[in-house]
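Please open the model in your viewer and keep the sequence panel beside it. The stops below say what to select next and what is to be found there.

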Amino acid sequence: MLIACRNAAFAYEGNTVIRELAFEVDSGDYLCIVGENGSGKSTLLKGLLGLLPPQSGAVLRGDQLKTEDIGYLPQYKAAQKDFPAGVCEVVLSGRQGGRGILPFYAKADKQSAMENLNRLGIGDLRNACYRELSGGQQQRVLLARAFCAARKLLLLDEPAAGLDPPATAELYRLIREINQNRGLAVVMVSHDVQTAVKYANRILHVQGKPLFWGKPEEYAESPEGKRFMGG
Ligand code: ADP
């Protein structure tokens with residue numbers, strides 16, 4: 001077990017937004033979290049990351065999973081678009097976890113940053129200023145940052161936000177490849193339920209609490225899955 005929720009609930013200032021969470025993620029798993037807007041998906045990711053402590057129940061970490069082993073892509077917010085830094089700095093900042101306060105980067109970190117920029121097709125932007133990029137380019141930089149940081153677990157909140165359809169398809173292919181080739185566990189919040197069912201090996205459908213947890217092929221046959229996929 002890499003990470004698990006044991007009857008966990010999460011709340012903001014005492015107002016519970018999601019409860020009764022009981023599932024686990026093993027290394028190599030690809031979990032897609034689906035559900036309507038406001039159903040608590042982003043909140044759950046923050047809970048897995050440890051940004052939000054559970055209101056009740058517990059989030060357990062196994063396999064010596066540390067926060068710095070987790071790559072996290074937060075939901076894209078226009079407010080972050082003016083971040084005054086270079087592309088390389090943004091990507092490398094994902095690997096600061098284990099390095100204390102001084103942003104000292106080893107050669108391996110820089111190599112990993114370049115590898116991931118190239119992987120996302122934006123190697124030529126390495127010397128660009130982040131705030132001068134388009135929304136889609138910024139999203140790819142933030143993805144490279146999450147890929148760079150993820151040693152055991154990748155948490156992605158709507159990773160395709162701001163990408164056009166070809167870039168979205170390529171991104172899903174990449175995530176799948178990283179999941180399979182590097183054995184990295186992926187937990188992804190997605191609106192795109194068709195893709196979720198195609199690539200993931202677990203589906204969690206939430207609406208303030210879990211409505212479905214299981215395999216994608218069972219989800220596709222379940223009442224929740226049929227309703228959500230058909231709609
Ligand atoms: P989803 O990701 O499924 O769209 P969220 O987890 O973002 O849902 O939000 C679940 C609920 O929690 C919503 O009602 C939202 O308004 C509320 N919420 C989200 N973030 C905060 C916050 N920082 N403070 C208070 N309420 C919040």
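## Starting at the cap of H5

Select Asp-164 together with Ala-167: Asp-164 caps the N-terminal end of helix H5, with a side-chain oxygen 3.0 Å from the backbone nitrogen of Ala-167. Bear in mind throughout that this is a predicted model.

Now extend the selection to the whole of H5, residues 165–181, which has 17 residues and reaches 24 Å from its first C-alpha to its last, close to the 24 Å expected at 1.5 Å a residue. Colour the buried residues of this helix, which are Ala-167, Thr-168, Leu-171, Tyr-172, Leu-174, Ile-175, Ile-178 and Asn-179. They cover an arc of only 160 degrees around the axis, and therefore they sit on the same side of H5. The general geometry behind such a pattern is that an α-helix has 3.6 residues a turn, so residues three or four places apart point the same way.

Turn the view to the face of H5 directed away from its buried side, where the exposed residues Pro-165, Pro-166, Gln-180 and Asn-181 are carried. Then step past the end of the helix to Gly-183, which follows H5 and has a positive phi, near 65 degrees.

## What packs over H5

To see what covers the buried residues of H5, show strand S3 (30–34), helix H3 (107–119), helix H4 (135–149), strand S6, strand S7 (185–189) and helix H6 (193–199), which are among the covering elements.

Select S3 next. Five of its five residues are buried, so S3 is largely enclosed by the rest of the structure. Both of its faces are covered, with Tyr-30, Cys-32 and Val-34 buried on one side and Leu-31 and Ile-33 buried on the other. Add S7, which runs parallel to S3 and is joined to it by four bridges; here Ile-33 stands opposite Val-189. Then add strand S8 (residues 202–206), which also runs parallel to S3 and is joined to it by four bridges, with Leu-31 standing opposite Arg-202.

Move on to S6, residues 153–157, and bring in strand S5, residues 70–73: the two run parallel and are joined by four bridges. The bridge partner of Leu-73 in S6 is Leu-156. As you rotate S5, note that both of its faces are covered, since Ile-70 and Tyr-72 on one side and Gly-71 and Leu-73 on the other are all buried.

## A serine in H3 and the cysteines

Select Ser-112, which lies in helix H3 and is buried, with a relative accessible area of 12%. Leaving aside residues up to four places away in sequence, Ser-112 touches Arg-95 and Cys-148.

From that contact, go to Cys-148 itself, which counts as buried because its relative accessibility is 2%, under the 20% cut-off. Which cysteine has the sulfur closest to that of Cys-148? That of Cys-88 is the closest, but at 9.2 Å the sulfur is too far for a bond.

Finish at Cys-129, and ask how many disulfides a search of the whole structure finds. The search finds zero. Cys-129 is accordingly in no disulfide, and the nearest cysteine sulfur, that of Cys-88, is 12 Å away. With a relative accessibility of 25%, Cys-129 counts as partly exposed, whereas Cys-148 counts as buried.

Notes: Residues numbered from 1 in each chain as written. Predicted model: local features only at pLDDT ≥ 70, side-chain atom pairs only at ≥ 80, totals over all residues. Heavy atoms only, no water. Buried < 20%, exposed > 50% of the residue type's maximum accessible area, 1.4 Å probe, protein only. Pairing = 2+ DSSP bridges. Expected span 1.5 Å × (residues − 1). Arc of directions from axis to C-beta. Contact = heavy atoms within 4.5 Å. Polar contact = N/O pair within 3.5 Å; in protein donor to acceptor, adjacent residues only side chain to side chain. Disulfide = S-S within 2.5 Å.
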